[in-house]
Amino acid sequence: MRAKITSQHRPQHHSAAPAPTPAPAATAAATLPESPTTGPITREELHLAGRNHEAPLEALRWPITPPGMHYILTHFDVPDLDPVEWRLRIGGSVAHPLELTLSDLLRRPRETMTVTLECAGNGRSRLDPRPISQPWDLGGFGTAEWTGTPLAPILAEAELGEDVVELVFTGNDRGIQGGIEQDYARSLTVEEATAYGVLLAYEMNGRPLPPQHGFPVRLLVPGWYGMTSVKWLRSIEAVTEPFTGYQQAVAYVYQKDADDAGTPVRRIRVRSLMVPPGIPDFLTRQRTLGAGPTMLRGRAWSGEGAITGVEVGIDGVWLAAHLDPPVGPNAWQEWQFPWVATPGHHELACRATDAAGNVQPVEAEWNLRGLGNNSVQTVEVEVRPGA
């Protein structure tokens, strides 16, 4: 009998469903099932899926993701900002508070970096039970050439106080989440914020940032899940106590259940994805291809280190793929694997290993908010006789 891979492509099962998360507000409680749920996709999840945007898996063919294919997650509304009136204010525990215009940033040293971003919730809809939020499948990714000015020299110019422990980055997008009205805000330690590659970005793929990607200026933090790269940046505040805002301490935390204090979501977990071969069925996306030689391709990335290897699974047998160099030090790497497809039904898979020794799991550990799900992707294909 042909071996099978137990994977995310089928529903994952958790031995005991955790305690449900209370609805954050009365209006939500009246319309949403308890989260997590084993029920069907809700109207609210469909609305989120319509507002946000996944990359199709065939976008993996491009080393730089076309802007219209790059994933988008917007927590609240996309702000309409006037680039002439826009200001970035840097304050808090600093010797020299700053107020910078877009022109000020454009006159500073420019740097362009190729960076792969991924949403921390990528793969959430494949968990069972399913946390209710943006119902990502596998397309919460994208790689772009980001241009901006390094953040570290600006912070040095502001002269952080000796007691500063974090920098809080606040965007111009405001809304309600978890029953709390808030501006979207995240923090980094001083060491993290001043690391090489952290930019105040104002261009994407050689053009001004599109509104949905943070125009006029966003933070860019390579190697971290996308929630860290705050869009529509408004202010940077140097604080002397750790920031405990909702997006930092509640929304992006790995928790086993509602009583678990959890650990913060930070760097991108190792992942590889395959371009599904052949042609798809419109509704099910089931793949069909002709028998004979075919080249399987995909890309792999990690925020913990360079990719050191990718394996391709053919009906449960793992074989090493050819791995190309990355398109940038903080970007994905292409892999290829030649396969002679024989008639019948097959299950294909891929998994990556990074320089830190992390290997993609067949099934990722379940967590309450559906974050960091880097389980092995599988692709079911039907191979027809003949080319």
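Where is E159 found, between which helix and which strand? Begin by selecting E159 in this predicted model, and you will see that it sits in the loop that runs between helix 4 (152-158) and strand 5 (166-177). Although E159 is not a glycine, its phi is positive, at about 60 degrees. With a relative accessibility of 43%, E159 counts as partly exposed, because that class covers values between the limits of 20% and 50%.

**The open sheet**

From E159, follow the chain into strand 5 (166-177), and then select the sheet in which strand 5 takes part, an open sheet of 5 strands in the order 2-1-10-5-6 with mixed pairing. The edges of this sheet are strand 2 (98-100) and strand 6 (180-189), each of which pairs on one side only. As you turn the view from one strand to the next, the twist averages 25 degrees.

Next, select strand 1 (residues 88-92) together with strand 10 (residues 233-239), which run parallel and are joined by 4 bridges. Within this pair, display G91, which stands opposite E237 in strand 10.

**Two cis peptide bonds**

Now move to residues D128 and P129, where the peptide bond from D128 to P129 is cis, with omega near 0 degrees. P129 belongs to the loop that lies between strand 3 (111-118) and strand 4 (141-150).

While D128 is still selected, add F243, which is 115 residues away from D128 in sequence and 32 Å away in space, taken from C-alpha to C-alpha. F243 has its place in the loop between strand 10 and helix 6 (246-249), and its relative accessible area of 23% makes it partly exposed.

For another cis peptide bond, select F215 and P216, which are joined with an omega of about 5 degrees. Here P216 is found in the loop that links strand 8 (207-208) and strand 9 (218-220).

**The enclosed space**

Rolling a probe the size of a water molecule over the atoms shows where empty space is left. In this model the count comes to 1 cavity of 30 Å³ or more, and the volume of the largest cavity is about 220 Å³. To find this cavity in the viewer, select Y71, L73, R218, G226 and K231, which are the closest to its centre among the 20 residues that line it. How many residues of this lining are nonpolar, how many polar and how many charged? The lining of the largest cavity divides into 10 nonpolar, 7 polar and 3 charged residues.

**The second largest pocket**

Leave the cavity and go to the second largest pocket, whose volume is about 550 Å³. A selection of L57, D137, P276, R285 and R287 will take you there, since these are the closest to the centre of the pocket out of the 23 residues that line it. The largest share of this lining, 4 residues, comes from strand 22 (residues 377-384). By kind, the residues that line the second largest pocket divide into 8 nonpolar, 7 polar and 8 charged.

Stay at this pocket and look at R285 by itself, in the loop between strand 14 (279-280) and strand 15 (287-290). R285 is not a glycine, and yet its phi is positive, at about 65 degrees. The relative accessibility of R285 is 44%, so it counts as partly exposed.

**A hairpin**

Select strand 17 (residues 307-314) and strand 18 (residues 317-320) next, and you will have a pair that runs in the antiparallel sense over 4 bridges. These two strands form a hairpin with 2 residues between them, and I314 stands opposite V317 in strand 18. In the turn of the hairpin, show D315, which has a positive phi of about 55 degrees.

**A last stop at T37**

Finish by selecting T37, which is found in the loop between helix 1 (26-31) and helix 2 (43-51). Is T37 buried or exposed? T37 is buried, because its relative accessible area is 11%, and the cut-off for this class is under 20%. With T37 still displayed, add G39, whose backbone nitrogen lies 2.9 Å from a polar atom of the T37 side chain.

Definitions and conventions: Residues are numbered from 1 along each chain as its sequence is written. This is a predicted model: local features need pLDDT of at least 70, side-chain atom pairs count only at pLDDT 80 or more; totals for chains, interfaces and linings use all residues. Side-chain values use heavy atoms; hydrogens and water are left out. On a 1 Å grid over the protein atoms alone, a cavity is a set of points where a 1.4 Å probe fits but cannot get out, and a pocket is an open set with protein on both sides within 12 Å along at least five of seven lines; lining residues have an atom within 4 Å of a point. Grid points are joined across faces, edges and corners, and a volume is the space filled by probe spheres set on the points. Ala, Val, Leu, Ile, Met, Phe, Trp, Tyr, Cys and Pro count as nonpolar, Asp, Glu, Lys and Arg as charged, and the others, Gly among them, as polar. Two strands pair if DSSP finds at least two bridges between them. Axes are lines fitted to C-alpha atoms, for helices over the stretch in contact, and angles run from 0 to 180 degrees between N-to-C directions. Buried means under 20% relative accessible area, exposed over 50%, partly exposed in between (1.4 Å probe, protein chains only). A polar contact is a pair of N or O atoms within 3.5 Å; within protein, one must be able to donate a hydrogen and the other to accept it, and residues adjacent in sequence count only if both atoms are side-chain atoms.
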